[in-house]
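Trainee: I would like a close look at one part of this model, followed outward step by step to whatever lies around it. Please explain each term as you use it.

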Amino acid sequence: MTDGSTSTPASQVRLRKALDAVPAYVAGRPAEAQAGITAYKISSNENPYPPLPSVLDVVREQAGQMNRYPDMGVTALTEAIAQRLDVPAARVATGPGSVGVLGQVITAFCDPGDEVVFAWRSFEAYPILVALAGATPVQVPLTSEARHDLDAMADAITDRTKVVLVCTPNNPTGPSVRTAELEAFLDRVRDDVLVVLDEAYLEFVTSDDAPDAVAIHRARPNVAVLRTFSKAYGLAGLRIGYAVAHEPVAEALRKAAIPFGVNSLAQVAAIASLEAFDELDVRVKELVTERARVVAELERQGWELPDTDANFVWFPMGERTAEFAAACQAAGLTVRPYGTDGVRATIAEREANDRLLEVTAAFSRD
């Protein structure tokens, strides 16, 4: 019999202790409606353009078969990526977004106690994925220019280091690493340490000295390249990314993948997007042009910001981060604050960008 109590008994389940070290991922907040004005979400680096009609058509057609499992091998898309990049298909591994593939990297390489070196601040998922594996995140501070300090990262590598993550362009600060400094860094990395070049924002890069990651990969067996269809291709909601790695590494990533983790809609949409790359590239160039306009106006206003090769700008606001984010919110703009480090704002619709420039013009930097 029960005593009529409605209280919930204390749980006796035993969770992994590694969870105690896992920070929470903070997603970009949705735009909040403002009276009389259009609200814009510029906190998640989403592509503001809707999907191409040709991509929507193949998704609609495939949706009629959603009662069937997707191709677990992601065969057609793997072949399309390999052809696009001129690499063997055996070097391509796919997953649910580039962050999903990165999770496969950490699973395949890291045992509890192993180390993963990366810059900080960088992509927020890095310490989460590392901690979930029971491995140790080794965070190396960015330079005063919000760039990777590759010399310091090389110094941070120890006998316990299994993986090094290089985010280029860096999220959330924007700069790309330079080819010469990256090559010098790789010369210092042991051959048994995997270096992952995370290029989620590759298509927006315009710097002349940014590296050709696939070419570097070809010459170095311990280099893998991580890319996504979420940003420039505008498929963030379908979750599809991939890695290019030498065969033993790529095979390990496929072993570590969740079965059927890349859904059928994502597979056909990504193939159609590769086929329509010329159309998508027009949109990318328009966003890059808009980025240049926004950056030029911010500089004219007196802002000193890091160089950006991505589809966002970084405001290193320090202790005024929350104040600046609140000013944006009051104007109908949802931006992405990072503690007391700064604020990231996506290059979005022109109207949203103009609103951002109104906020920055009125915000006192004293």
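Mentor: Proline 141 has its place in strand E4, which covers residues 136–141 (helices, H or I, of at least four residues and strands, E, of at least two are DSSP runs numbered from the N terminus). This is a predicted model, in which local features need pLDDT of at least 70 and side-chain atom pairs pLDDT 80 or more, while totals for chains, interfaces and linings use all residues. Residues are numbered from 1 along each chain as its sequence is written, and side-chain values use heavy atoms, with hydrogens and water left out.

Proline 141 has a relative accessible area of 58%, so it counts as exposed (over 50%, with buried under 20% and partly exposed in between, using a 1.4 Å probe on protein chains only). Although 21 residues separate proline 141 from tryptophan 120 along the chain, their C-alpha atoms are 5.0 Å apart.

From tryptophan 120 we can move on to the rings, since ring pairs link Trp120 with Phe118, Phe123 and Tyr126 into a cluster. The structure holds 13 aromatic pairs (Phe, Tyr or six-membered Trp rings with centres within 6.5 Å; planes under 30 degrees apart are stacked, over 60 edge-to-face, the rest tilted). In the pair of phenylalanine 118 and tyrosine 126, the ring centres lie 5.6 Å apart and the planes meet at 65°, which means that this pair is edge-to-face. Both phenylalanine 118 and tyrosine 126 are buried, whereas proline 141 is exposed.

Another member of the cluster, Phe123, leads us to the largest pocket, whose volume is about 600 Å³. Of the 30 residues that line this pocket, Phe123 is one of the closest to its centre, together with Tyr25, Ser44, Lys231 and Arg239 (on a 1 Å grid over protein atoms alone, a pocket is an open set of points with protein on both sides within 12 Å along at least five of seven lines, a cavity is a set where a 1.4 Å probe fits but cannot get out, and lining residues have an atom within 4 Å of a point). Helix H3 (97–109) and strand E11 (336–338) each give at least two residues to the lining of the largest pocket, and H3 has the largest share of it, with three residues. By class, the lining of the largest pocket holds twelve nonpolar, ten polar and eight charged residues (Asp, Glu, Lys and Arg are charged; Ala, Val, Leu, Ile, Met, Phe, Trp, Tyr, Cys and Pro nonpolar; the others, Gly among them, polar).

Beyond the open pocket there are also enclosed spaces, and the count comes to two cavities of 30 Å³ or more. The largest cavity has a volume of about 50 Å³, and among the residues that line it are Asn47, Tyr49, Pro50, Tyr233, Leu280 and Arg283. Its lining divides into eight nonpolar, three polar and one charged residues. The second largest cavity, of about 30 Å³, is lined by Thr168, Pro169, Ser176, Glu199, Leu202, Val205, Ala210 and Pro211, of which five are nonpolar, two polar and one charged. Each volume is the space filled by probe spheres set on grid points joined across faces, edges and corners.

To return to the strands, E2 (residues 92–95) makes a useful contrast to the proline where we began, since both of its faces are covered. Val92 and Thr94 on one side of E2, and Ala93 and Gly95 on the other, are all buried, while proline 141 in E4 is exposed.
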